[in-house]
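The following note sets out several points for a colleague who is examining this entry. Please read each one alongside the coordinates.

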Amino acid sequence: GLRKQASKFGARYESAFVDGVEFAEDRKLLHAGEKCYEARSVIIATGASPRLLGVPGEKDMFGGKGVTTCATCDGAFYRDMDVVVVGGGDSACEEAIFLTRFYSKVTLVHRRDELRASSIMSERTLAHEKIEPLWDTVVEEVLAGDDGRVRGVKVRNRKTDGTEEVSCKGVFVAIGHIPNTKPFAGVLKLDDDGYLV
């Protein structure tokens, strides 16, 4: 479709990981390992990557073993099982509400004592009978069962410092995104969150 049409009009495709750039008025250089691409203009459409928790067990069970960053992609895989959503913004609330279609109980783990989401989204989330919030709580570890898949998460209450294990088969991480703008740092203006201005 789109790719074929672009090729027809002279677009060429190359796969490369751009790790640095040099932008001058008259020419732009994109460095990708040993390769260097030169252009008069560059359109940057690098998007952002989901932020992960960075806790033990998370990466081991990412992608098909119970840890995911996309409820709409993976929600139906854990039908009728307990799941955990981590986060407190609009996207975490949207994920939690979406997941109630498939699950009898969705535990929403948030590190603060109130949601960061908009008031309408917060109200909808907290009023939902299938969503149970765990306030002032952080995930410290994703726990594996004998089958190598998620069996639960170890959480810690930030106020009491007490820990407990929450049983679940799916962990949906919704704590924001990291913009894929590293190669442009120091060359183009980025905001405090790393997005191109």
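1. Of the 197 residues of the protein, 35% count as buried. The model is a predicted one, and the remarks below should be read accordingly. With regard to overall dimensions, the radius of gyration is 21 Å, whereas a compact globule of 197 residues would have a value near 16 Å. The C-alpha trace spans about 60 × 35 × 35 Å along its principal axes.

2. The secondary structure comprises four helices and 13 strands. Among contacts with a sequence separation of 6 or more, 49% are made by residues 24 or more positions apart.

3. How are the strands of the open three-stranded sheet ordered? The order is β1-β2-β3, and the pairing is antiparallel. The edge positions are taken by β1 (20-23) and β3 (35-39), each of which pairs on one side only. On average, neighbouring strands of this sheet are turned by 15° against each other, direction ignored. Five bridges support the antiparallel pairing of β2 (residues 28-32) with β3. Within this pairing, Leu30 stands opposite Tyr37 of β3.

4. A parallel arrangement is found for β6 (residues 83-86) and β7, which are joined by four bridges. Val86 has Val109 of β7 as its bridge partner. In a regular strand, side chains alternate between the two faces of the sheet. Strand β7 (residues 106-109) may be inspected with this in mind: Val106 and Leu108 point one way, Thr107 and Val109 point the other way, and all are buried.

5. Four aromatic pairs are counted in the model. In one of them, the ring centres of Phe98 and Phe102 are 5.5 Å apart and the planes stand at 70°; since an angle over 60 degrees counts as edge-to-face, the pair falls in that class. Both partners lie below the 20% limit for burial: Phe98 has a relative accessible area of 17% and is therefore buried, and Phe102, at 14%, is buried as well. Ring pairs also bring in Tyr103, forming a cluster of Phe98, Phe102 and Tyr103.

6. A charge-over-ring arrangement involves Arg3 and Tyr13. The charged end of Arg3 sits over the ring of Tyr13, at 3.8 Å from the ring centre.

7. Most residues other than glycine have a negative phi. Two aspartates deserve a check on this account. Asp136 has a positive phi near 50°, and Asp161 has a positive phi of about 70°.

8. Where is Asp136 placed? Asp136 belongs to the loop between β8 (131-134) and β9 (137-144). Its relative accessible area is 12%, so Asp136 is buried. Neighbours within four places in sequence left aside, Asp136 is in contact with His110, Arg111, Arg112, Asp113, Arg156, Asn157, Arg158 and Lys159.

9. Is Asp161 buried or exposed? Its relative accessibility is 51%, so Asp161 counts as exposed, the limit being over 50%. The residue lies in the loop between β10 (150-157) and β11 (163-167). The two aspartates thus share a positive phi, but Asp136 is buried whereas Asp161 is exposed.

Methods. Residues numbered from 1 in each chain as written. Predicted model: local features only at pLDDT ≥ 70, side-chain atom pairs only at ≥ 80, totals over all residues. Heavy atoms only, no water. Pairing = 2+ DSSP bridges. Helix = DSSP H or I, 4+ residues; strand = E, 2+ residues; numbered from the N terminus. Axes fitted to C-alpha atoms, helices over the stretch in contact; angles between N-to-C directions. Phe/Tyr/Trp six-rings, centres within 6.5 Å; stacked < 30°, edge-to-face > 60°. Buried < 20%, exposed > 50% of the residue type's maximum accessible area, 1.4 Å probe, protein only. Lys NZ or Arg CZ within 6 Å of the ring centre and 35° of its normal. Rg over C-alpha atoms; globule rule 2.2 N^0.38 Å. Contact = heavy atoms within 4.5 Å.
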